[in-house]
There are 2 protein chains.
Amino acid sequence: MSENPFPPPGSVERQWATFAADLRWADIPPAVRHEAKRSILNIFATAFSGCREPAVEKALATLMPFSGAGTVSLVGRSERCDPAFAAFINAMAANIFDYDDNHPTTIIHPAAPLAPALFAFAEQRPVSGLALLRAFVLGGEIECRLGNAVSPYHYARGWHITSTCGVFGAAVGAGALAGLSAQQFVWALGNAAAQAGGIVETLGTMSKSLSVGNAARLGLLSALLAEADYSGPPAPLSGERGFLKVYADNPNAAALTGGLGEVWEIAKNTYKPYPAGIVLNPVIDAALAFAQRPGFDPAAVTAVELRGNPFLRQRTDRPDVATGREAQVSAQHAIAIAFRRGEAGLDAFSDAAVAETLREGRPALTFIDDAAMDIAAVHATFLLADGSRETVEIEAARGSPENPLTDAELEDKLRMLAARAGFPKPVQPLIDAVWVLDEATDAGAVSRLAAA
Amino acid sequence: MSENPFPPPGSVERQWATFAADLRWADIPPAVRHEAKRSILNIFATAFSGCREPAVEKALATLMPFSGAGTVSLVGRSERCDPAFAAFINAMAANIFDYDDNHPTTIIHPAAPLAPALFAFAEQRPVSGLALLRAFVLGGEIECRLGNAVSPYHYARGWHITSTCGVFGAAVGAGALAGLSAQQFVWALGNAAAQAGGIVETLGTMSKSLSVGNAARLGLLSALLAEADYSGPPAPLSGERGFLKVYADNPNAAALTGGLGEVWEIAKNTYKPYPAGIVLNPVIDAALAFAQRPGFDPAAVTAVELRGNPFLRQRTDRPDVATGREAQVSAQHAIAIAFRRGEAGLDAFSDAAVAETLREGRPALTFIDDAAMDIAAVHATFLLADGSRETVEIEAARGSPENPLTDAELEDKLRMLAARAGFPKPVQPLIDAVWVLDEATDAGAVSRLAAA
């Protein structure tokens, strides 16, 4: 069409579209492939965590009449629906506690909009596990590079970056499964650009999950429309009124394509050990380590000094929080509950757990700012009733890039969250299948293992 | 819920929510009611115009498998689907040529996201025509006031304002039909804020229609979710990371609520006589008037001088356009085709019509800028082969606020566009039903008259 020319060489659209159309499995390094599997294992885990939450239950009940007659599965649930609605619900569930994966430079949760779209596609139109992993790496690359390019303006302005960039990742990933041509990839980007949305003001409410669900759903549909030659502009990202100029000030063009095919963003993905703000991870590590010492008595701790990055004080000095959601960023509650329970999973940040520490007491904290310290580090000094002091130094918290969760820890996370959701089937077949996903002839058979 | 308090008095969310919950039919002046009917008649007309376009056909074919099993009708078509998908398709069709209504201060097309959502609701859950008209006035008020508040930054930055503000209008309008409480209206606004999107870069392509369709679909779903107490933040608009701060610089707060219930934005709505850029309206008026003079011979016109607002020259001096879409903003083509055909409907801006004037010749134009002239005015001087000059002065073009289309002209527009779409049924019952919509016991029965 004369109105929709293929974008020129050098444009981000042309480079991404040809990269997406041409990427070979052999070009993806083994470590990147393995990180993709870890991301997928973790997203099944957190989808279990959210699959029975009120926002998911309400969305499912209200919107199921708007689902087509598909047979695609939902993680942890027995309902079946069309692929787009399944992608929507699974993405909501996976992200609802912000307990899912985290791309460090953008704070995007890459897998929530992406993996649900891909598995929904795969359950409807069978594809190999290798094709799905390739699509996951590709989609993750696009959404995280787009996030890098619009950061830090984009999130600081108030865009919910997981949603706004996630729709592009889902579109390109699903497009890869559909076998789009380079021209069709450009149209998929345009269809995604027309549908991106989500704002930070909704965080902490049910509304947030709509934008995350939409990113998965509308990304998938953007690809299917492009497959049908439903066309868009040649420069949906870089055009004068394209995504980059509308959603960012001074976007970083080099981040979009620099080292494309050599530097892999999805390889930088991280996974949370606790369902709390990332800056609390070293504090929880320290409290749990201290609580494991022989003869530990929480009543003997009179106060705690925390030396850490100023962000730690700014974001987590919240002695009086009263709800589970607020407690996800309260150092006082986090230490108190870690002392009491010796663990810090989802139930440690429930409303009931917060009421418990409010009633039974939280330690008095002193924060000492040290801008030279990484946000993954803390030096915690515990002051005891006998006047003694003991210090636990954490230099790289669990789940940080320098101290990632092990494969076994990710497996444990999945087992714990599936059990917490009352999942009635054994999860080992799912875990095993994810580790050999690249050998699966039918990727959809893997996600069906997560359905109740 | 402690996390989602009802917004404080004085906030836009509180004022809009209580206005929406409390507005009585008796409070809406008769002239406003009548303008709502005119807007609805016009949106049926333009939905006929687009209902067979390739973008609609492709979207329908690709996305129908994702529709629930509803029985809601599509304008000009025989398919039936769920209410959300019907709203999506009808909104796309109504806006595809930008031939729909226009709110002058924002250039929002108010009815496309709104009326399809309301009639889809009404076909699924019967409501009276009066309830639907009240919901239309209310939704139009919200979307246009929001548009006023974020203008001119919002559209200039690159937001497709019909889509981004339309989702709020559809949410509030559908919420009115659902009988939401004031608290639920706040949640509907929050659900809409999480789902707003659409960028100007997509204009002129199929992708644009996705954001317009989404505005209708997602607005409707925002209301249904709120009805189920799917909750959002207390300040989705005015919050620190709310819609107004994210999507605008220096939003005009007074535009949101000043004169609420006294000044009615939907009463300012206008309707296009020609499917062309608004600044061309007086030029087409002048050319058609001149062509009707006795003894008119297009070959005798050697040149034309156009005295008008500088926008006329800046936006429409395009002598060499080659496609129908480009020709919508070409004064040269518009005059040539008006001369040749004596009319300027959709077929006058087809690719074939443009090829015809390119082949057969377009008049040489001279533009004379006159910043004192309104964009609805032009003084057109026709230079003839015999050396004589004749001037036609248009002070307020057809379709401008000072010279609105008459009710009869709107009826003619609908008749013409329905016939052009090959609509197989008489349209007079539809026209008659819209004029007495406030007396209908079942509003859904009215929109079913537009289905094939």
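In this predicted model, Gly308(B) has Asp369(B) as its bridge partner in strand E4 of chain B. Gly308(B) is the last residue of strand E3 of chain B, which covers residues 301-308. E3(B) and E4(B) run parallel and are joined by six bridges.

These two strands belong to an open sheet of four strands in chain B, with the order E4-E3-E5-E6 and mixed pairing. Its edges are formed by E4(B), residues 364-369, and E6(B), residues 389-394, each of which pairs on one side only. If direction is ignored, neighbouring strands in the sheet are turned against each other by 20° on average.

Chain A can be described as a whole. Its secondary structure consists of 20 helices and six strands. The C-alpha trace spans about 80 × 50 × 40 Å along its principal axes. Chain A has a radius of gyration of 22 Å, which agrees with a compact globule, because a globule of 452 residues would have a value near 22 Å. Of the 452 residues in chain A, 59% are buried. Among its contacts between residues at least 6 apart in sequence, 79% join residues at least 24 apart.

The two chains also touch each other. Chain A and chain B each give 56 residues to this contact. On the side of chain B, four helices supply at least two residues each: H3 (54-63), H9 (182-193), H10 (206-227) and H11 (243-247). H10(B) provides the largest share of that side, with nine residues. By residue type, the side of chain B that touches chain A divides into 25 nonpolar, 22 polar and nine charged residues.

Notes
Residues numbered from 1 in each chain as written. Chains lettered and ligands numbered in written order. Predicted model: local features only at pLDDT ≥ 70, side-chain atom pairs only at ≥ 80, totals over all residues. Contact = placed C-beta atoms within 7 Å. Nonpolar A, V, L, I, M, F, W, Y, C, P; charged D, E, K, R; others polar. Rg over C-alpha atoms; globule rule 2.2 N^0.38 Å. Buried ≥ 20, exposed ≤ 12 C-beta atoms within 10 Å, placed from the backbone. Pairing = 2+ DSSP bridges. Axes fitted to C-alpha atoms, helices over the stretch in contact; angles between N-to-C directions.
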